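Student: I am new to this structure and would like a close look at a single part of it. Please pick one helix, then go on to the charged pairs elsewhere in the chain.

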Amino acid sequence: MALEHLRIASRRSQLAMVQTNWVKAELEKAHPGLAISVEAMATQGDKILDVALAKIGDKGLFTKELEAQMLVGRAEIAVHSLKDLPTNLPEGLMLGCITEREDPADALVVNSKNAEYTLETLPEGSVVGTSSLRRLAQLRYHYPHLQFKDVRGNVITRLEKLDSGNYDCLILAAAGLSRLGFGDRIHQSIPGNISLHAVGQGALGIECVCDRPEVMELIQVLNHAPTAARCLAERAFLRVLEGGCQVPIGVNTQIEGDTIQLTGMVASLDGKRLIRDEQAGPIADPEAVGRDLAHKLKDQGAGEILQEIFEQERSQ
């Protein structure tokens with residue numbers, strides 16, 4: 001039976017609404033006459049802004065409330081930044097499609113007094129703002145002379161804190177800055193040899209209720225097969241390592257012909273240990289590539305590093 005009204009669950013944050021409204025507009029373009037509404041709400045991650053993300057949990061921090069709306073029948077789909085969507089979803093829900101990825105790189109943003117510097121030339125003791133343990137661990141590994149300070153809030157709030165002098169620079173996702181119209185604030189795109197990006201970074205994931213073929217039929221127009229293959233490999237890698245969004249796990253994925261190549265990294269919080277390797281395989285089975293790389297890193301000690309981090313978090 002054809003669906004006449006599609007309800008989208010979304011976070012209320014400015015970036016989330018920009019992303020959700022883009023999805024809404026694309027679906028309206030593809031399906032003229034379909035009524036689409038947005039059900040916006042705050043999630044736990046949006047409400048708790050004075051505590052580091054790693055200290056308040058990670059799995060589902062920005063998604064649980066949206067998933068509840070679908071499970072009780074108040075929404076058919078939810079739009080997520082894919083990097084925020086846990087790799088194990090609640091029973092009854094599935095990842096319906098993945099949109100074309102924007103630039104997945106991390107970006108350096110500076111205030112006016114540091115405009116002459118790059119990440120490599122920042123003076124010793126410069127204060128770098130980031131709320132990501134993944135970015136923190138990699139940057140500590142490469143630049144132990146810098147100081148790192150947690151920063152929370154939406155992108156605009158973080159930029160205000162930077163410009164008021166609370167930080168010398170910030171590390172943010174290039175895709176989020178561009179989507180919000182702040183692409184001109186990207187001072188430097190950080191190369192993958194310095195900071196591998198988060199799993200799914202730059203892509204949107206559309207989650208939906210299982211066994212709703214009429215919903216799947218509507219949203220498939222937004223699925224981007226190359227991005228989906230890359231992100232499924234990355235998510236399989238993360239799933240095997242049992243890592244959430246708040247662990248130092250980074251990735252980079254490239255496609256060449258029928259081959260997908262995944263680079264993965266696990267680091268200790270102090271940045272003193274960093275394990276990195278690569279795995280290639282057929283694009284027809286991207287999840288196998290992700291699983292194989294995860295086991296390869298586990299054999300090199302990644303499991304022990306992650307276990308130490310989980311124990312540290314439990315003891316806090």
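Tutor: The model is predicted, and the part to look at is helix H5, residues 155–163.

Start with the side of the helix that is turned away from solvent. The buried residues of H5 are Val155, Arg158, Leu159 and Leu162. They lie on the same side of H5, because the arc they cover around the axis is only 100°. Among the elements that cover these buried residues are S5, strand S8 (169–173) and helix H6 (174–179).

Next come the two ends. At the N-terminal end, H5 is capped by Asn154, with a side-chain oxygen 3.2 Å from the backbone nitrogen of Ile156. Just after H5, Gly165 has a positive phi of about 95°.

Ile156 deserves a separate look. Ile156 belongs to helix H5, but is not in the list of buried residues above. Its relative accessibility is 28%, so Ile156 counts as partly exposed. Apart from neighbours within four places in sequence, Ile156 is in contact with Gln14 and Phe182. For a sense of scale, Ile156 and Ile255 are 99 residues apart in sequence, and their C-alpha atoms are 34 Å apart in space.

S5, one of the elements covering H5, leads on to a charged pair. Asp106 forms a salt bridge with Arg134, and the closest N and O atoms are 2.8 Å apart. Asp106 is in strand S5 (residues 106–110) and Arg134 in helix H4 (residues 133–142), so the pair links distant parts of the chain, 28 residues apart. Both Arg134 and Asp106 are buried.

The loop between strand S4 (93–98) and S5 holds another arginine, Arg101. Arg101 has a relative accessible area of 10%; it is therefore buried, as the value is under 20%. Leaving aside neighbours within four places in sequence, the residues in contact with Arg101 include His197, Gln201, Thr227, Arg230 and Glu234.

The structure holds 14 salt bridges. One of them joins Glu76 and Arg7, with the closest N and O atoms 2.6 Å apart. Glu76 sits in the loop between helix H3 (64–71) and strand S3 (77–81), while Arg7 sits in strand S1 (residues 5–11), 69 residues apart. Glu76 is buried, with a relative accessible area of 5%, whereas Arg7, at 23%, counts as partly exposed.

A further salt bridge pairs Arg273 with Glu308, and here the closest N and O atoms are 2.6 Å apart. This pair also links distant parts of the chain: Arg273 is in the loop between strand S12 (259–267) and strand S13 (274–282), and Glu308 is in helix H10 (residues 302–315), 35 residues apart. Arg273 is partly exposed, at 37% relative accessibility, and Glu308 is partly exposed too, at 34%. Elsewhere, Arg11, Lys83 and Asp84 are joined into one network by salt bridges that share partners.

To return to the helix: the buried residues of H5 are on the same side, Asn154 caps the N-terminal end, and Gly165 follows just after H5 with its positive phi.

Technical notes. Residues numbered from 1 in each chain as written. Predicted model: local features only at pLDDT ≥ 70, side-chain atom pairs only at ≥ 80, totals over all residues. Heavy atoms only, no water. Salt bridge = Lys/Arg side-chain N within 4 Å of Asp/Glu carboxyl O. Helix = DSSP H or I, 4+ residues; strand = E, 2+ residues; numbered from the N terminus. Buried < 20%, exposed > 50% of the residue type's maximum accessible area, 1.4 Å probe, protein only. Arc of directions from axis to C-beta. Contact = heavy atoms within 4.5 Å. Polar contact = N/O pair within 3.5 Å; in protein donor to acceptor, adjacent residues only side chain to side chain.
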